[in-house]
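Please open the model in a viewer and keep the selection tool at hand. The stops below are intended to be visited in order.

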Amino acid sequence: MTALLQLASVSVHFAGLKALTDVSLEAKRGEVKAVIGPNGAGKTTLFNVISGYVAATGGAIRFQDQDIHNLTPHEIAAKGVRRTFQNGGLFGEMTALENVLTGLHAQINSGFAGLLFGTKAACAAEREALARARRLLGLMEIGHLADQPAKDLSGGQQRMVEIVRALATDPPLLLLDEPAVGLAPPVRDRLMEIIRRLAGEEGIGILLIEHAIDLVMKGSDVIVVLNSGQKIAEGKPEEIRRNRDVLEAYLGYT
Amino acid sequence: MRENRAASSLWGHLARDRRLFFVVPVLALFIPLFANPYIQFVVNLMLVYVLVTVGFNLVIGNLGQLAFANTAFFGIGAYATGILMIYAGMPFWVALIPGGIAGALAGFLASVTALRGIRLYYLAIITLAFGELMRWIYIHADTVTKGTDGLPVPMATVFGFVLDSEIKKFYVFLAIVVLVVMGTSNLLRSRVGRAIVAIKDNESATASLGIPTAQYIVLAFVWSGFVVGIAGGMFAVLIGRVVPESFGLVELIVHFAMVMVGGLGSLAGSVLGAITLTALPEYFRSFPGLEEMFFGALLVLILLFRPKGLASFLARYLPIFRERFYRE
């Protein structure tokens with residue numbers, strides 16, 4: 001299977017700080033790849049550089065055989081790389097449904113004039129998006145939350161809505177930045193189950209930052225380990241469990 | 001009990017139909033039957049301020065940018081319309097459109113400042129300075145603007161029909177306001193409105209959904225400038241003389257108060273705030289010396305006890321006025 005996303009020796013150096021150095025990795029359709037590492041290892045910077053929020057100072061990033069290196073965040077998202085945010089990126093003032101509708105923005109092809117005059121075509125496009133947004137929430141079994149303001153939802157529900165919103169336009173690649181943080185264990189397990197299902201049934205490529213090692217060991221196909229901005233290991237969960245460098249980085253073994 | 005519920009659901013159903021909005025302008029059609037010319041003038045002024053507030057609220061309430069260039073948009077619209085009527089001999093209805101476009105251009109300028117990363121207090125002070133700079137220009141470009149004497153605006157005509165009374169102006173203004181408010185309402189209820197509110201909430205997350213945030217920031221400012229520019233053109237023919245003093249800092253505070261009293265981020269609130277704060281000062285004028293006190297006290301009371309403005313009453317009792325992104 002060809003890679004969806006390819007990073008070839010990507011570096012991000014801020015003035016004096018080497019956030020990422022020569023990181024190469026791939027993401028494939030239908031594969032859950034976890035990125036782990038101690039605090040400050042460069043995991044979020046890796047996501048930010050892929051999704052265009054931080055510029056790479058070296059290396060190449062290709063998505064579906066197109067260079068996405070110099071594109072802006074919205075251009076990269078429009079190509080089909082969607083992400084969630086560590087601190088929750090939901091629009092708190094909007095309902096769950098409106099959040100998902102905002103995710104469907106690009107699929108509503110009404111022009112400015114159509115929207116201004118509220119033409120029949122524009123209204124039909126809006127209704128179609130509305131129906132799709134409701135269906136998507138229903139598929140994730142959170143249809144009953146549609147009309148709740150996002151800020152009133154629980155942490156787990158917010159995470160789910162954010163994933164539905166990110167996936168609204170069927171993107172091939174999804175980046176999840178610590179989706180399970182702060183969730184109760186049963187909710188965490190259920191979330192992981194859904195992530196597995198998205199990869200297995202929908203064939204979505206998933207990159208996942210996660211701190212909970214038990215979850216990562218159970219839920220991912222491949223694990224990438226970062227330490228001080230460098231990739232120190234990549235392999236199946238059981239390989240990573242035995243890797244000396246990883247143990248050193250995590251536990252200080254020498 | 002049962003009938004009661006049926007009745008309330010019928011009312012509930014009716015009260016959710018958006019077409020009910022048109023009750024407001026249709027009732028307004030009858031105002032001239034009851035109003036003397038002075039009251040009619042105040043009502044016309046309300047219509048001007050409805051657009052002023054709708055435009056301002058879009059930028060500070062919906063987009064959430066602290067841009068205070070509203071008096072600049074208002075003044076530019078007024079002068080552009082007046083100048084085109086005098087020097088190019090355009091009739092009012094023709095001159096009004098370039099008046100709006102001039103406001104839109106000013107809106108574009110303000111949006112470029114915001115896009116350059118100048119936000120919050122910096123954007124506030126730079127847009128305030130823009131307003132004062134424009135006022136300086138109105139005063140000193142006196143060969144065109146007639147300086148502090150003011151620009152005398154000729155009688156407005158619409159399709160050869162002379163607007164020589166407040167009542168005639170009223171019907172034309174009402175038509176313009178209904179059109180512009182409807183268009184703005186349509187925009188706010190569409191993907192454009194969602195994108196604008198999303199940008200206020202979390203700009204990075206908005207971009208992560210493939211939404212070109214910069215374009216929507218520009219769009220919000222340009223539409224705001226257009227709406228307020230149109231209001232300026234109407235103001236010019238309503239007052240008959242455009243003077244620089246009309247577009248100073250006190251005027252800006254009035255615009256700001258209209259948005260806050262009506263309800264930040266609420267279209268219905270913009271309309272209510274404009275009507276209330278145009279009517280009250282006129283009413284309090286009969287209590288000389290106390291008018292500022294009344295005005296200030298009202299402002300303090302509303303912001304203390306109804307921080308979401310008068311629109312929160314509407315949203316509670318009349319479901320059609322509930323708006324997508326404005327919640328009590």
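The tour of this predicted model visits a sheet, a hairpin and a helix.

**The sheet.** Begin by selecting strands 2, 1, 4 and 5 of chain A, which in that order make up an open sheet of 4 strands with antiparallel pairing. Strand 2 (17–27) and strand 5 (66–67) of chain A stand at its edges; each has a single partner strand, so one side of each is left without a neighbour in the sheet. Next, select residues 5–14 and 58–63 of chain A: these are strand 1 and strand 4, paired in the antiparallel sense over 5 bridges. Within this pair, A:Leu5 is found opposite A:Phe63 of strand 4 of chain A. Now add residues 43–50 of chain A, helix 1, which lies across strands 1, 2 and 4 of chain A and runs at about 65 degrees to strand 2 of chain A.

**The hairpin.** Move to residues 222–227 and 230–235 of chain A, where strands 9 and 10 pair in the antiparallel sense over 5 bridges. A:Val225 has A:Ala233 as its bridge partner in strand 10 of chain A. There are 2 residues between the two strands of this hairpin, and A:Ser228 in the turn shows a positive phi of about 45 degrees.

**The covered helix.** Finally, select helix 6 (residues 155–167) of chain A. At 1.5 Å a residue, its 13 residues should span 18 Å, and the end C-alpha atoms, 19 Å apart, agree with this. Helix 6 of chain A is mostly covered, with 10 of its 13 residues buried; among them are A:Met160, A:Ile163 and A:Leu167. To display what covers these buried residues, add elements including helix 3 (96–103), helix 5 (120–139) and helix 7 (185–202) of chain A.

Methods
Residues numbered from 1 in each chain as written. Chains lettered and ligands numbered in written order. Predicted model: local features only at pLDDT ≥ 70, side-chain atom pairs only at ≥ 80, totals over all residues. Pairing = 2+ DSSP bridges. Contact = placed C-beta atoms within 7 Å. Axes fitted to C-alpha atoms, helices over the stretch in contact; angles between N-to-C directions. Expected span 1.5 Å × (residues − 1). Buried ≥ 20, exposed ≤ 12 C-beta atoms within 10 Å, placed from the backbone.
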